[in-house]
2 protein chains.
Amino acid sequence: MTHPFLTERSRGFLPSPVRDVWEASMQPGMISLAGGNPDLSLGDLDWVAEHAARLVREQGPTVLQYGSGTGTTALREAIVRLMAAEDVAADPAAIQVTAGSQLALDLVTKVLCEQGDTVLVEDPTYVGALGTFGGAGLRVEHVAMDAEGLVPAALEERIRHLVAEGRRPRMLYTIPNFQNPSGATLSERRRPQIVELCRAAGIPIVEDNPYGMLTTTPHAHVALHELDPEHVIYLGTFSKVLSPGLRVGWAAAPGWLRRPLQLAAEATVICASPLAQELAAHFVLERPFEAEIARAAAVYAERAEAMRAALAPVLPAGATLSRPQGGFFSWLALPEGWSADALLDAAIDERVVFVPGAAFRAPGEGGGELRLAYSFESPERLAEGARRLGRALARVSAARPA
Amino acid sequence: MTHPFLTERSRGFLPSPVRDVWEASMQPGMISLAGGNPDLSLGDLDWVAEHAARLVREQGPTVLQYGSGTGTTALREAIVRLMAAEDVAADPAAIQVTAGSQLALDLVTKVLCEQGDTVLVEDPTYVGALGTFGGAGLRVEHVAMDAEGLVPAALEERIRHLVAEGRRPRMLYTIPNFQNPSGATLSERRRPQIVELCRAAGIPIVEDNPYGMLTTTPHAHVALHELDPEHVIYLGTFSKVLSPGLRVGWAAAPGWLRRPLQLAAEATVICASPLAQELAAHFVLERPFEAEIARAAAVYAERAEAMRAALAPVLPAGATLSRPQGGFFSWLALPEGWSADALLDAAIDERVVFVPGAAFRAPGEGGGELRLAYSFESPERLAEGARRLGRALARVSAARPA
């Protein structure tokens with residue numbers, strides 16, 4: 001990466017440890033607690049197949065052609081309906097469709113941040129956001145979380161400190177529900193506090209909500225976007241509830257952001273695939289999507305419990321395992337002095353993989369934490385994975401100096 | 001666009017006049033010489049429909065899931081075969097698949113250019129590239145073209161001037177074949193000159209080739225990438241030969257660029273749709289794609305001639321119309337003192353639209369030129385469009401001071 005033509009900022013596109021572990025996860029016999037993949041067998045793939053064929057046959061010259069830069073009318077209306085099912089109000093005019101919500105984050109970054117600017121993220125945070133921000137040449141500041149999510153006092157202190165340094169953050173990136181990677185959910189009482197702190201400091205919030213509907217206790221929390229639609233940009237996706245391979249996500253944006261966001265979208269990808277957009281739209285408009293998503297959420301919850309039950313007896317004293325209320329991930333904090341990297345080596349020997357917690361922080365900040373995904377494997381395989389992880393923990397423990 | 005949260009660079013995401021004219025083109029009865037849309041009725045949409053359904057039925061859990069950040073193995077091999085049909089050698093390992101080639105340009109820009117850097121483009125150039133570069137906060141320098149394409153002496157002089165100012169360009173963006181918007185093709189003798197000039201100055205070239213196969217005289221020109229694979233990044237797309245709505249394009253990159261480009265792709269969109277990728281791959285691997293593309297090229301050539309023949313009698317003295325050897329566009333230069341914007345107003349009254357030439361230059365540089373697309377309408381409609389343009393020209397001429 002030292003070729004003279006390459007930019008300094010291109011070094012910020014960090015290799016994703018999730019991707020590196022993904023290589024290991026493809027080995028035969030491996031049980032993966034690594035990737036955040038949805039289980040597509042929970043959906044109706046025959047419907048997708050037939051519907052894709054029907055869309056091409058009946059509307060081929062439209063759905064296979066260039067489309068609107070903001071997204072198709074049907075999809076923008078469908079997204080509003082999907083958000084309403086999660087108690088988030090939006091107008092179709094607010095919806096900017098993107099080729100996956102990762103792209104929505106890229107576009108928002110382009111419009112809100114200059115190279116060298118500072119952004120706030122949770123500690124830990126989504127690894128893909130670190131890549132987007134790093135490649136944009138931004139300075140990333142982590143803010144502490146606990147079991148109730150982002151800590152308002154820590155946020156306030158960090159903002160004060162940065163503003164005093166002349167580095168007012170350009171945005172706060174947060175995943176309030178069933179966070180990736182920690183599984184934590186921002187508590188109800190903290191939500192208005194976070195929103196108010198950012199509003200007072202003149203810092204827009206990017207609220208990323210890929211997992212919000214994947215819970216057995218829906219309607220439990222108000223969206224930040226509901227609390228302040230003028231300062232909170234909401235990101236959503238079909239990746240976890242329908243299909244990641246369609247690459248359809250969106251931003252619900254305040255009025256002042258819509259036109260710049262549309263122009264950024266057109267300059268980056270022209271448009272999202274109209275065929276994929278119409279498939280996603282019809283999933284919402286023609287199917288009992290709420291019931292289907294609730295069924296999938298129950299399956300994921302069962303898997304979370306299966307993994308948890310099997311892990312409990314094998315964890316070392318002092319380890320803590322988060323108990324997420326939804327989503328795909330649990331967060332395991334090992335006792336002081338343990339190394340997640342050393343554990344990963346032993347785990348791969350035992351044929352189980354996970355992502356070390358250091359992946360979810362800016363470089364140099366490591367630790368003895370790991371993300372465990374339960375979304376993709378069966379309860380039986382998750383339990384077996386937990387037993388394998390237990391053997392890896394025992395081996396690493398035996399190798400440690402007393 | 002003056003909200004305090006918005007960045008300075010976001011103003012560089014210029015509204016595309018192509019999009020603005022697109023609105024007009026949707027009016028009933030309008031003949032559009034504006035958009036660069038392929039005519040999808042030339043392809044086999046039934047095959048696309050059946051094949052999409054088959055892919056989902058047989059490989060749903062794979063093609064609807066997250067995929068490789070570089071692209072599927074089948075597609076990267078198919079792209080190599082497609083490029084070989086155009087006499088361009090590449091290795092599958094060199095291929096970075098992207099969600100359309102617009103995204104490839106965004107990724108290359110991220111990896112090669114810091115905010116504030118200078119890039120070289122043709123005069124005129126592709127409007128979408130101006131959006132990408134503007135939104136990246138780059139300074140765009142146009143280099144003169146003539147009927148043989150980019151002028152080497154002008155390029156040399158511009159590089160010398162910029163280097164003397166401490167603004168060494170970070171890349172040259174060029175469309176050597178049937179350029180959008182001018183229709184010009186870089187002559188065979190100039191190709192090694194352009195490559196050598198840039199190599200000597202340490203400036204990588206981005207060679208965008210969306211239209212290369214859409215000609216009735218294939219194999220006429222060597223690709224710049226063939227002349228210097230280490231310094232020329234080649235961009236290709238399925239948008240003009242199969243479907244823009246699938247959003248599948250690629251970059252063929254030198255070794256030093258591959259890893260940064262992959263990381264940039266993952267940080268921007270995670271991956272391109274595996275379903276769309278496999279559809280594109282099978283178009284190449286399972287169908288007589290060369291014959292199909294050649295048939296489409298003959299249809300487009302016939303349309304170019306139909307438009308040209310109908311325009312010839314209605315153009316004012318001193319106007320010149322380019323005669324492209326392929327692609328989708330002709331370039332009409334009106335005599336000194338004419339305004340393409342005034343002509344557009346009159347043309348819309350006559351129910352025909354085109355894109356004024358100013359769209360293809362950095363802001364402030366207008367002119368009496370226009371891009372005429374012949375790809376989408378039938379020969380009869382193109383001829384009628386030319387007659388309507390003739391009436392608009394007559395009206396504007398009558399209104400001009402003597």
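A salt bridge is a side-chain nitrogen of Lys or Arg within 4 Å of a carboxyl oxygen of Asp or Glu. Counted this way, the structure holds 54 salt bridges over all chains. Keep in mind, as you look through these views, that this is a predicted model.

**View 1. Two chains meet: the contact between chain A and chain B.** Here you can look at the place where the two chains touch. Chain A brings 80 residues to the contact, and chain B brings 79. Between them, the two chains bury about 6600 Å², with 61% of that area on carbon and sulfur atoms.

**View 2. A salt bridge across the contact joins A:Lys110 and B:Asp106.** Find the side chains of these two residues, one from each chain: their N to O distance is 2.6 Å. The pair fits the salt-bridge rule because 2.6 Å is within the 4 Å limit. In total, two salt bridges link chain B and chain A. Polar contacts can be found here too: 39 residue pairs between the chains make them, counting pairs with both residues at pLDDT 80 or more.

**View 3. The side of chain B that touches chain A draws on several helices.** Each of these helices of chain B supplies at least two residues: H1 (17–25), H2 (45–63), H4 (101–112), H5 (127–135), H9 (255–269) and H10 (274–286). Which helix should you look for to see the largest share? That is H2(B), which gives twelve residues. Sorted by kind, the residues on this side of chain B are 42 nonpolar, 22 polar and 15 charged.

**View 4. The largest cavity has a volume of about 250 Å³.** A search of the whole structure turns up six cavities of 30 Å³ or more. The largest cavity has a lining of 21 residues, and those nearest its centre are B:Leu42, B:Gly43, B:Asp44, B:Val241 and B:Leu242. Two elements of chain B, H2 and helix H11 (289–311), give two or more residues each to this lining. H11(B) gives the most, with four residues. The lining divides into 13 nonpolar, five charged and three polar residues.

**View 5. A salt bridge within chain A pairs A:Asp228 with A:Arg199.** Their side chains meet with an N to O distance of 3.1 Å. Where do A:Asp228 and A:Arg199 sit in the chain? A:Asp228 lies in the loop between helix H8 (224–227) and strand S8 (232–237), while A:Arg199 belongs to helix H7 (residues 190–201). With 29 residues separating the two, this salt bridge links distant parts of chain A.

Methods:
Residues are numbered from 1 along each chain as its sequence is written. Chains are lettered from A and ligands numbered from 1 in the order in which they are written. This is a predicted model: local features need pLDDT of at least 70, side-chain atom pairs count only at pLDDT 80 or more; totals for chains, interfaces and linings use all residues. Side-chain values use heavy atoms; hydrogens and water are left out. Contact means heavy atoms within 4.5 Å. Buried area is the accessible area (1.4 Å probe) that two parts lose on being put together, summed over both. A polar contact is a pair of N or O atoms within 3.5 Å; within protein, one must be able to donate a hydrogen and the other to accept it, and residues adjacent in sequence count only if both atoms are side-chain atoms. Ala, Val, Leu, Ile, Met, Phe, Trp, Tyr, Cys and Pro count as nonpolar, Asp, Glu, Lys and Arg as charged, and the others, Gly among them, as polar. On a 1 Å grid over the protein atoms alone, a cavity is a set of points where a 1.4 Å probe fits but cannot get out, and a pocket is an open set with protein on both sides within 12 Å along at least five of seven lines; lining residues have an atom within 4 Å of a point. Grid points are joined across faces, edges and corners, and a volume is the space filled by probe spheres set on the points.
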